[in-house]
Structure formats: C-alpha cells, structure tokens
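The exercises below each give a task and then a solution worked step by step. Please look at the sequence and the model before reading the solutions.

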Amino acid sequence: MDQKETELSSPPFDSVSSLEFSPTSPNHLLVASWDTSLHLYDIATNSQKSKYDHKAAVLDCAFSDGGHAFSGGLDTWVREFDLETQTTNHLGQHDLTVSQVVYSRSANSLVTGSFDRTLRIWDPRSPTPATATQTLPERVYHMDVTGTTVVVGMAGRQFHIYDVRKISEGGEPLQRRESSMKFMTHAVACMSDGKGYATASVEGRIAVEYFDPSPESQSKKYAFKCHRQTVNGEDHVWPVNALAFHPVHNTFASAGGDGTVSIWDHTAKKRLRQYPKYAIAVQDIAFNVDGSHLAVGVSNGWENGPEQAGNNVGTPRIYIREVGDEVKQKTKA
C-alpha cells in the first residue's frame with residue numbers, strides 16, 4: 001500500500017521553482033516561487049509560518065541553519081532572512097538574474113550563481129558580506145554543494161567543480177568537465193556520501209558522476225534513460241526537472257515533466273520505486289533532514305505547450321510524502 005501523502009494548504013499561486021528543507025528541523029520547508037515570494041511552511045501542522053515578498057520571481061533558496069535562509073531570483077538581489085524575527089537583510093547584488101543559491105555549512109559560506117557568468121561567495125555574518133567573485137565561461141544553470149565542494153552546471157553543458165574556500169577572481173576550478181549528455185543540463189545533486197553527483201538533462205536522461213579522477217572511480221560513471229513513455233508506438237520524452245539524494249541511504253529521487261517521481265539505487269543501477277503519477281509536471285523535490293519525508297512541488301512547466309495546459313495553469317500543489325523502505329539500497333543476497 002502507498003505511504004501517506006498530504007497536500008500543503010496555502011500553496012504559492014504561481015509555479016514552484018525550488019524546495020528546501022531545514023538542516024535542523026524535519027518539519028520546516030522553504031518554497032521559492034514565481035509568485036515573487038519565499039514561503040516557509042511547517043509540514044507537521046500543515047501551515048504557512050511566514051512569507052517574504054520580492055520584486056520579481058524567486059528562483060532558488062537555501063538554509064544556513066534552522067533560523068536563517070537565503071534567496072535569489074530575477075530581481076538580481078541576494079537576500080538573507082531571519083526566520084525568527086521575520087526580517088530581511090539585502091546582502092548584495094549580481095548584475096543579472098540569480099539562478100542558484102547554495103550554502104556550505106562546512107565553510108560557513110553562501111554561494112550564489114548567476115546568468116551574469118559569476119559565482120559569488122558571501123559571509124552573512126560579516127558587515128561586508130561579499131567575500132569573493134569567480135568569473136565563469138557561461139551562465140549558471142544549476143548548482144549543489146557537499147561539504148566544501150560545489151558543483152556548477154552551466155550553459156553549453158559545462159561543469160566546474162570548486163572548493164568553496166578557495167574561490168577567487170582568476171582562480172582555477174578543481175576540475176573542469178563536460179556533460180556526458182548531449183542536451184542541456186536541467187538538474188544537479190550531490191551524493192549524500194560526498195563521493196560524486198548526479199546530473200539530468202532536458203531529454204529524459206540522468207548521468208551519475210564521481211569526483212575522484214582516478215580511472216577506477218571514473219569507470220563507475222554511467223548514464224541512463226528515464227521519464228520516457230511509449231504511446232501508440234511513439235516515444236515521448238520529458239525533461240528531468242529535479243534530483244535529490246536521500247540523506248541517510250544515498251539513493252536518489254528524480255522528478256520529471258511527465259508528472260512522475262522515481263527512486264533510484266545508483267550503485268545497483270536499478271529503479272526502486274515509481275510513485276503514482278501527478279496531474280502535471282513535478283518541478284522540484286526535496287528530502288527532509290532525517291529522510292522521513294519527500295516534498296514534491298507540482299506546477300505547470302509548459303512541457304506540452306500552452307494549448308495543452310488547460311485548467312492546470314496557475315494551480316501549483318505541494319505534496320508531502322512519507323517515505324519507507326523503498327528508499328533503502330537493495331542488499332545483495
């Protein structure tokens with residue numbers, strides 16, 4: 001029988017762009033939205049605790065600790081929020097859209113990526129929070145961080161891997177890589193054990209990569225097709241919109257424009273579960289800190305064009321799913 005799933009009340013009124021759970025409380029969920037707001041929910045009480053208005057769409061968000069969060073979006077500002085006092089602090093600006101916001105707790109640093117082709121490092125505790133800028137060859141599309149290692153996915157299928165502590169203007173990345181997939185990068189997520197990351201593309205494919213450059217580690221990397229369907233003999237392919245690793249078991253979830261969420265064991269190279277299909281596309285997913293729940297943000301991503309969107313336009317939903325043994329790696333008999 002399927003695990004219990006609940007729908008959050010008072011969802012954003014426009015598309016979901018990012019979901020992020022608190023690193024300390026399994027019940028606190030941030031939701032960034034195209035409705036120009038950042039929302040904080042308590043999933044235990046199914047209530048919105050606070051809402052922070054912006055001047056344009058909010059594209060990404062991150063927690064530093066249980067009491068502080070950050071956002072970035074179309075208005076180019078990087079903001080910090082004190083979730084206890086519900087106050088906002090403007091840390092600084094990029095020249096163009098802030099597409100990605102991640103926080104390295106190991107380095108006590110906020111990392112933001114932008115369409116202005118820069119990475120910027122911020123120390124929110126400092127009176128002058130902007131501490132470093134790294135110029136990049138392309139626009140930043142996706143990022144994730146594990147420990148002090150940040151993976152930056154850019155336009156042109158390029159990837160740079162940096163040590164957050166060593167980012168500086170003119171500095172070199174630890175590694176430069178090109179995506180093993182032919183089409184645009186649409187998601188990246190770092191493994192919970194810190195050994196590698198997964199990336200996904202707009203044409204229904206996921207690649208599993210490892211940081212260690214040794215031939216032994218690199219021989220483990222692979223890619224596979226997913227979020228595809230054959231209808232009347234015709235192949236339908238959807239973008240993979242989001243990836244999230246389980247914090248305990250190091251399996252990962254993928255979400256797609258086909259409205260499905262699947263759980264994968266990348267070491268066994270097997271799909272463990274596909275949850276029941278949602279009515280429209282899943283835009284983002286996130287596991288909470290203890291891995292007991294998965295948040296699923298559903299909203300129209302125009303995958304089938306405006307003529308197919310119908311009455312689903314502007315009706316985002318956020319579901320909270322209890323997860324069970326389906327997220328555990330399969331042990332070999």
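Buried means under 20% relative accessible area, exposed means over 50%, and partly exposed lies in between (1.4 Å probe, protein chains only). The model is a predicted one, in which local features need pLDDT of at least 70 and side-chain atom pairs count only at pLDDT 80 or more, while totals for chains, interfaces and linings use all residues. Residues are numbered from 1 along each chain as its sequence is written, and side-chain values use heavy atoms, with hydrogens and water left out.

**Exercise 1.** Decide whether D163 is buried or exposed, and describe its surroundings.

Solution. Begin with the accessibility: D163 counts as buried because its relative accessibility is 9%. Next, place D163 in the fold, where it belongs to strand β16, residues 158-163 (strands are DSSP runs of E, at least two residues, and helices are runs of H or I, at least four, numbered from the N terminus). Then turn to the side chain of D163, which makes a polar contact of 2.7 Å with the side chain of R165. A polar contact is a pair of N or O atoms within 3.5 Å; within protein, one must be able to donate a hydrogen and the other to accept it, and residues adjacent in sequence count only if both atoms are side-chain atoms. Finally, if neighbours within four places in sequence are left aside, D163 is in contact (heavy atoms within 4.5 Å) with T148 and L174.

**Exercise 2.** Work out how β16 and β17 are joined.

Solution. Strands β16 and β17 run antiparallel and are joined by four bridges, where two strands pair if DSSP finds at least two bridges between them. Within this pairing, I161 stands opposite Q175 in β17. Looking then at the faces of β17, residues 175-178, one finds Q175 and R177 on the covered face, whereas R176 and E178 lie on the uncovered one.

**Exercise 3.** Find how many disulfides the whole structure holds, and examine two cysteines.

Solution. With a disulfide taken as a pair of cysteine sulfur atoms within 2.5 Å, a search of the whole structure finds zero. C61 is in no disulfide, and the nearest cysteine sulfur, that of C190, is 17 Å away. C226 is likewise in no disulfide, the nearest cysteine sulfur, again that of C190, being 18 Å away. As for accessibility, C61 counts as buried at 1%, and C226 counts as buried at 5%.
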